Amino acid sequence: MDKNFQEEQLTGVSKFTPPLYQQRYQFIKDLVEKYKPQKVADLGCADCTLLWMLKFCSCIEVLAGLDICASIMKEKIHRLSPLPVDYLQPAERSLTVTLHHGSVADKDPCMLGFDLVTCIELIEHLQESELKKFPEVVFGFMAPKRVVISTPNSEFNPLLPGGVLFRHPDHKFEWDRAQFQSWALETARRYGYSVEFTGVGHPPTGMENVGFCTQIGVFVRKNPQASTSAQSENPPEAVYKTVFKAVYPSLKDEKHLQNAVISEVIFRAQMIKQSLLGRLMSEHEDYNDDPTERSSNFQPSMNWCSEDLEKLVMEKSTESFVDGSVVYIPLTTIFSFPKVNQLCGTLEKLCKLIAGKVTLSSDGSAVMLNVEHEEN
């Protein structure tokens, strides 16, 4: 059974609004939005709900999950895969999501280099032998900039329905605040971290002395360089099994960037063409008294167009124009649109990305579109 579901049955969804597990995940999301880590690992990720929430944080480029139970991870694994819209509208950032099957008591090089490591309601599930190895794996070997550990506060348990000893049948222990803080302070001292204590799940009015229902320790590495030096040592062999990996489409990939630029250029060019032809039609109608001849006699190539086409195009006029059955839209005009400018950065980059993919004038300075007569 999912640990979050088991807990909410015990504490009662109505007791905490929003539910306690959502408050824990929101705490992590708020922390991510504040410190902008690029690489985040969730140890004991269970059904990957936290990872699913974090994949929408624009600062994160690498997400990794680890759990001892592969079947639980796979239950909702589809939520971590890219959606069709991710390919239609690739994000500016790159994002890779990977899930590993293994124990937090083992070291694996795939867990090196992370900015933030979260351990949400994890340590109380560890056997004594695993708990002894846990600090060395997370703080000594992985050595991220920040670590967040949450665990039940046993002082809150008498307030929960049923007066249970442990909140989940798989818990090996549940600490009070003094026990957790003693362990956390000693761990922080040994591995060069500072730690601050907080929590989620406020107690009822008048019972503030019991503290939060979930207690949280936020660890911050004192010497950021120590993380690099610790990870430069010869890493152990891989012991985790990768059960899932998804690489999201990104504008950092030249292929996806080119597709996005071409799509935007064509869209803007078509929009300009329709506006131009509409204006020319309006001007033509102003000079034509016979309604039956307005559409049949309309010719987009009017005296308004330059007779010296090559000269006009070579000068890269900022005005779109029609010659015969072709509409010319200068690239400088298209480049002036904020989204095109943002995607390409320079006019030269724009030309490079659409070369051979969009029909251009002989000198490459304007997009050429055929005049299309639409039957009403």
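In which loop does E121 lie? E121 belongs to the loop between β4 (116–120) and α6 (128–142), and what singles it out for discussion here is a positive phi of about 50 degrees in a residue that is not a glycine. With a relative accessibility of 5%, E121 counts as buried.

**Confidence in the model**

Everything in this report refers to a predicted model. The mean pLDDT of the protein chain is 86, and 83% of its residues reach 70 or more. Residues 294–316, by contrast, have a pLDDT below 50, although the model gives this stretch 46 contacts beyond near neighbours in sequence.

**Backbone geometry**

Most residues other than glycine have a negative phi, and most peptide bonds are trans. Besides E121, a positive phi occurs at K36, where the angle is about 55 degrees although the residue is not a glycine. K36 comes just after α2, in the loop between α2 and β1 (39–43). The setting of K36 is exposed, with 52% relative accessibility, whereas E121, at 5%, is buried. The other backbone feature to record is a cis peptide bond between T17 and P18, with omega at about -5 degrees; P18 is found in the loop between α1 (3–11) and α2.

**Helix α2 and strand β1**

Helix α2 comprises 16 residues, numbered 20–35, and at 1.5 Å a residue it should span 22 Å; the C-alpha atoms at its ends are 23 Å apart, which agrees with that expectation. The buried residues of α2 are L20, Q23, R24, Y25, F27, I28, L31 and V32, a list in which Q23, R24 and Y25 stand alongside leucine, isoleucine, valine and phenylalanine.

After the loop that holds K36 comes β1, and because four of its five residues are buried, this strand is largely enclosed by the rest of the structure. The pairing of β1 with β2 is in the parallel sense and extends over five bridges, and within this pairing K39 stands opposite V62 in β2.

**Salt bridges**

How many salt bridges does a search of the whole structure find? The search finds 12, and three pairs among them are set out below with the distance between nitrogen and oxygen.

| Pair | N to O distance |
|---|---|
| K252 and E61 | 3.0 Å |
| E155 and R177 | 2.9 Å |
| D170 and K172 | 3.1 Å |

The salt bridge between K252 and E61, with N and O 3.0 Å apart, ties together parts that are 191 residues apart in sequence, because K252 lies in the loop between β8 (241–248) and α9 (254–286) while E61 lies in the loop between α3 (49–54) and β2 (62–67). K252 itself is exposed, with a relative accessible area of 56%.

In the salt bridge of E155 with R177, at 2.9 Å from N to O, the first partner lies in the loop between β5 (146–152) and α7 (177–191) and the second in helix α7, so this pair ties together parts that are 22 residues apart in sequence. Both partners are partly exposed: E155 has a relative accessible area of 28%, and R177 has a relative accessibility of 27%.

For D170 and K172, whose closest N and O atoms are 3.1 Å apart, the values again indicate partial exposure, with a relative accessible area of 35% at D170 and a relative accessibility of 31% at K172. Apart from these tabulated pairs, E186, R189 and R190 are linked in a network of salt bridges.

**Cysteines**

Why does C48 form no bond with C45, the residue holding the closest cysteine sulfur? The sulfur of C48 is 4.1 Å from the one in C45, and this separation is too far for a bond, given that a disulfide requires the two cysteine sulfur atoms to lie within 2.5 Å. The structure as a whole holds zero disulfides. C48 is nonetheless buried, with a relative accessible area of 1%, and C119 is likewise buried, with a relative accessible area of 0%.

Technical notes. Residues are numbered from 1 along each chain as its sequence is written. This is a predicted model: local features need pLDDT of at least 70, side-chain atom pairs count only at pLDDT 80 or more; totals for chains, interfaces and linings use all residues. Side-chain values use heavy atoms; hydrogens and water are left out. pLDDT is the predictor's confidence in each residue, from 0 to 100. Contact means heavy atoms within 4.5 Å. Buried means under 20% relative accessible area, exposed over 50%, partly exposed in between (1.4 Å probe, protein chains only). A salt bridge is a side-chain nitrogen of Lys or Arg within 4 Å of a carboxyl oxygen of Asp or Glu. Helices (H or I, at least four residues) and strands (E, at least two) are DSSP runs, numbered from the N terminus. The expected span of a helix is 1.5 Å times one less than its number of residues. Two strands pair if DSSP finds at least two bridges between them.
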